[in-house]
Amino acid sequence: MAAPSRRSGCRAWAALLPAALLCLAACAAAEPGTAPGAAPSTAEFDVRPGGEVHSFSRSLGDYGCTFTYSAQGGTNEQWQMTVGVSEDNGLFSCSIWRPQGKSYLFFTQFKAEVKGAKIEYAMAYSQAAAGALNDIPLKQEEFETTETTVSHREGKFRFELSKLMIVAKTPRDEL
């Protein structure tokens, strides 16, 4: 049997991602690696326009996620960040999105960075699913992914962002 190609691997992640994120969010609060009394896995924050660089971070046990951005236009928008760790502690997820679906802010830059894990899958969206709206992914040329970050690509990003999803592999002790 042939090994899966990178493209088929991406399709597999895309198909499994929604179920994995639901599972991660459900078990995140009870994860053994988290500190007693740890904050909930989902937190709300305001994305503020004005052209200044802002950051929002969440941690869960040994893993963390930081969203850094600069935006213009409109007024504050309420966004959410969810972090989760799989039951076997093999995957860490970070999702950042506007629950109302489409953001009306003009993002001049964005970066999401994970700590304690290496990114296996990442996707950015110009519109998030909400009500009758569907997810609309950014074109691959608009953002770039490294082992630990997902960020806008200078000169290619079209200033629209409503959702970021990251699944990262945690370090494992091999026998």
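Here are some notes on the strands, the core, the aromatic rings and the disulfide of this structure, which is a predicted model.

1. **The six-stranded sheet.** Start with the open sheet of 6 strands, which runs in the order β1-β4-β5-β11-β7-β8 with antiparallel pairing. Its edge strands are β1 and β8 (136–137), and each of these pairs on one side only.

2. **Strand β4 and its neighbours.** Within that sheet, have a look at β4 (residues 77–85). Of its 9 residues, 8 are buried, so β4 is largely enclosed by the rest of the structure. On one pairing, β4 meets β1 (residues 42–47) in the antiparallel sense over 6 bridges; here Met 81 in β4 is the bridge partner of Ala 43. β4 also pairs with β5, again antiparallel and over 6 bridges. If you want to find that register on screen, Gln 80 has Trp 97 in β5 as its bridge partner, and Gly 84 stands opposite Ser 93 in β5.

3. **The β4–β5 turn.** The hairpin of β4 and β5 has 5 residues between the strands. Asn 89 is the residue to check here, as it takes a positive phi near 65°.

4. **The five-stranded sheet.** There is also an open sheet of 5 strands, ordered β2-β3-β6-β10-β9, with antiparallel pairing. β2 (54–60) and β9 (143–145) are the edge strands, each pairing on one side only. From one strand to the next, the twist averages 10°. Further along the sheet, β6 and β10 (residues 149–152) pair in the antiparallel sense over 3 bridges, and Glu 113 stands opposite Thr 149 in β10.

5. **The disulfide.** How many disulfides are there? The count comes to 1. Cys 65 and Cys 94 form it, with their sulfur atoms 2.0 Å apart. The link of Cys 65 and Cys 94 is left-handed, with -70° about the S-S bond. Cys 65 lies in β3 (residues 63–72) and Cys 94 in β5 (residues 91–97), so the pair ties together parts that are 29 residues apart in sequence. Put that next to the sheet orders: β3 belongs to the sheet of 5 strands, while β5 belongs to the sheet of 6 strands. Are the two cysteines buried or exposed? Cys 65 is buried, with a relative accessible area of 1%, and Cys 94 counts as buried too, at 0%.

6. **Aromatic pairs.** The model has 10 aromatic pairs. One of them is Phe 67 with Tyr 69, which is stacked, at 5.3 Å centre to centre and with 25° between the planes. Phe 67 counts as buried at 0% relative accessibility, and Tyr 69 is buried as well, with a relative accessible area of 1%. Tyr 69 has a further partner in Phe 107: their ring centres are 6.1 Å apart and their planes lie at 65°, so this pair is edge-to-face. The reasoning rests on the angle, because planes over 60 degrees apart count as edge-to-face. The pair of Tyr 69 and Phe 107 links distant parts of the chain, with Tyr 69 in β3 and Phe 107 in β6 (residues 106–115), 38 residues apart. Phe 107 is itself buried, with a relative accessible area of 0%.

7. **The aromatic cluster.** Those three rings are part of a wider group. Phe 45, Phe 56, Phe 67, Tyr 69, Trp 79 and Phe 107 form one aromatic cluster.

8. **The nonpolar core.** Which residues touch the most other members of the largest nonpolar core? Among its 39 residues, they are Phe 67, Ile 96, Phe 107, Phe 110 and Leu 161. You will recognise Phe 67 and Phe 107 from the aromatic cluster. The elements giving two or more residues to this core are β1, β2, β3, β4, β5, β6, β7 (118–127) and β11 (163–169). β7 gives the most, with 6 residues.

9. **A charge over a ring.** One last contact is worth a click. The charged end of Lys 163 sits over the ring of Tyr 125, 5.0 Å from the ring centre. By the residue ranges, Tyr 125 falls in β7 (118–127) and Lys 163 in β11 (163–169). These two strands are listed side by side in the order of the sheet of 6 strands.

Terms used. Residues are numbered from 1 along each chain as its sequence is written. This is a predicted model: local features need pLDDT of at least 70, side-chain atom pairs count only at pLDDT 80 or more; totals for chains, interfaces and linings use all residues. Side-chain values use heavy atoms; hydrogens and water are left out. A disulfide is a pair of cysteine sulfur atoms within 2.5 Å. Helices (H or I, at least four residues) and strands (E, at least two) are DSSP runs, numbered from the N terminus. Buried means under 20% relative accessible area, exposed over 50%, partly exposed in between (1.4 Å probe, protein chains only). Rings of Phe, Tyr and Trp (its six-membered ring) pair if their centres lie within 6.5 Å; planes under 30 degrees apart count as stacked, over 60 as edge-to-face and the rest as tilted. A charge sits over a ring if NZ of Lys or CZ of Arg is within 6 Å of the ring centre and within 35 degrees of the ring normal. Two strands pair if DSSP finds at least two bridges between them. Axes are lines fitted to C-alpha atoms, for helices over the stretch in contact, and angles run from 0 to 180 degrees between N-to-C directions. A nonpolar core is a set of buried Ala, Val, Leu, Ile, Met, Phe, Trp, Tyr and Cys residues joined through side-chain atoms within 4.5 Å.
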